[in-house]
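These notebook entries record what I looked up in this structure. I kept each entry to one topic and went from a helix to the sheets and then to the internal space.

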Amino acid sequence: DHALSLNARNPLALQGRARVALERNEPIALALHDRALALAPGDANLWIGKANALDMAGDAKGAITVARQIVDQAPGVLDGLSLLAALRLARGDEDFASHYEEAARKQPTNPNILASYCQILESAQRPAEAAEVAARARKVFPHIDHFAMLEALHWGSAGEWDKAEAIFATLKDLTAQRYLHEARHRLRGNDPQAAEALLSKALDELPWDIGAWALRGIAWRALEDPRADWLHGQEGLVNFLPLKGANDLLERARDHLHELHENAPFPLGQSLRGGTQTRANLFAYASPVLQELAEAVRATLEDYRAQLPALDPSHPLLRHRETPWQFDGSWSVRLTGGSDHHAAHIHPSGIISSALYIVVPDDAETAKGAAALEVGRPATNLGLDLEPVRTIQPKPGYLALFPSTLYHGTTLFAGAERMTVAFDVVV
């Protein structure tokens, strides 16, 4: 704002201010993008921002029109391809990712388009289609080993064990990512001993990788290794605490979040199976009640820290027990009764994951297990029958906190609504 007060036509300041307006959910986001585009009409990132601003303003049709123009004119811009896929999926298009085919035809020597195509299909729970795209990419780009690993990974996720096994047997890429993906494959094959050996190699290269530690925790539990209790079973690692803050904060936050969810999308690539999720970074919104909510969460986080086990330099979370923490991403999710739920997943960019309960369905109080948070149950595509480390029955105004190395998901419910606020914590 200060830079623009000195020079209202400063292109860099305009671009930055437009992006910040998106992050803060400000109504001026669209106007700021138009001002910036007047100075830089060929900037693809600004056009992507404008499409997001149109969607945020409730103009889904306009957002799709702009996103299609980006893809048509700049098929190699991956953010444009993924944005159009997300917008089309929200509209209900069955072939929501078909524009990747046209982009690949326009740029046949660009391997990144097919790699992004695989990722989009996998994130939409279409692993078999992702595997087929990876197989095609292997033929087009035989010198890129990554596509072989992608094909094996996606066939495994689709339940095609033999196809995945045959490809893993040919891989020569001895990297942490290969060890990590093959460890997941070994867990699917009910061989936790082999998975643990591979994860040990992955962690030699990436010692604090959250995804590797999450799989290691599952392997240790399957092996009945006592280190599983050290990793996830210590008292205080999983906690359920009352939110600090004003007595009416929950009610005020609930009313504001309901307004936000009226125009919130179904997010592509997230754990949601139904429902809506707010855009951008919730705790960065230009909203006094959300800023107050963020401060209440910060205070509650310190209660969680105080109840953690002792500092442990070898533990992926407890090594940071005395380190300053901050938020890295925040959002609200609204689910409705029936089939809406969170599939089991992890947040690999943080050290602590969360669920703050704003609205709880009626049957969460009366039906044991309804709308519950299952912490520690593996993702279904791993094919392992392990019970949760802890099952948390939701309660309005309470905050669930746990290591990000724990898979977590929700159970079904019949009540009208379940609304939460969640965030990741990083150092």
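**Entry 1: helix α17.** I began with α17, which covers residues 288–306 of this predicted model. The helix has 19 residues, and I noted a reach of 28 Å from its first C-alpha to its last, close to the 27 Å expected at 1.5 Å a residue.

I then asked which residues of α17 are buried. They are Val 289, Leu 290, Leu 293, Ala 294, Ala 296, Val 297, Thr 300, Leu 301, Tyr 304 and Arg 305. Next I looked up what these buried residues pack against. Their partners are one helix, α16 (249–261), and the strands β1 (239–242), β4 (326–335), β6 (352–359), β9 (398–403) and β11 (418–426).

**Entry 2: the sheet of 6 strands.** I traced the strand order of this open sheet as β1-β9-β6-β11-β4-β3, with antiparallel pairing. At its edges I found β1 and β3 (276–277), each of which pairs on one side only.

I checked individual pairs next. β3 and β4 run antiparallel and are joined by 2 bridges; within this pair, Gln 277 has Val 333 of β4 as its bridge partner. For the helix on this sheet, I recorded that α17 touches β1, β4, β6, β9 and β11, and that its direction makes about 55° with that of β9. The other helix I looked up, α16, lies across β3, β4, β6 and β11 and runs at about 95° to β6.

**Entry 3: strand β11.** How many bridges join β4 to β11? I counted 8, and the two strands run antiparallel. One bridge partner I noted is Arg 418 in β11, which is matched with Leu 335. β6 also pairs with β11 in the antiparallel sense, over 4 bridges, and here Val 359 stands opposite Met 419 of β11.

I then asked how many residues of β11 are buried. The strand is mostly covered, with 9 of its 9 residues buried. I sorted them by direction: Arg 418, Thr 420, Ala 422, Asp 424 and Val 426 point one way, while Met 419, Val 421, Phe 423 and Val 425 point the other way, and all are buried.

**Entry 4: the sheet of 3 strands.** I found a further open sheet, in which 3 strands take the order β8-β7-β10 with antiparallel pairing. β8 (390–392) and β10 (408–410) stand at the edges with a single partner strand each, so one side of each is left without a neighbour in the sheet. From one strand to the next I noted an average twist of 20°.

I looked more closely at β7 (residues 373–375), which pairs with β10 in the antiparallel sense over 3 bridges. In this pair, I recorded His 408 of β10 as the bridge partner of Val 375.

**Entry 5: cavities.** I asked how many cavities of 30 Å³ or more a search of the whole structure finds. It finds 2. The largest cavity holds about 50 Å³ of space.

I listed its lining as Ala 214, Gly 217, Ile 218, Arg 221, His 232, Gly 376, Thr 405, Leu 406 and Tyr 407. Which helix gives the largest share of this lining? I found that it is α14 (residues 210–222), with 4 residues.

Notes: Residues are numbered from 1 along each chain as its sequence is written. This is a predicted model: local features need pLDDT of at least 70, side-chain atom pairs count only at pLDDT 80 or more; totals for chains, interfaces and linings use all residues. Side-chain values use heavy atoms; hydrogens and water are left out. The expected span of a helix is 1.5 Å times one less than its number of residues. Buried means under 20% relative accessible area, exposed over 50%, partly exposed in between (1.4 Å probe, protein chains only). Contact means heavy atoms within 4.5 Å. Two strands pair if DSSP finds at least two bridges between them. Axes are lines fitted to C-alpha atoms, for helices over the stretch in contact, and angles run from 0 to 180 degrees between N-to-C directions. On a 1 Å grid over the protein atoms alone, a cavity is a set of points where a 1.4 Å probe fits but cannot get out, and a pocket is an open set with protein on both sides within 12 Å along at least five of seven lines; lining residues have an atom within 4 Å of a point. Grid points are joined across faces, edges and corners, and a volume is the space filled by probe spheres set on the points.
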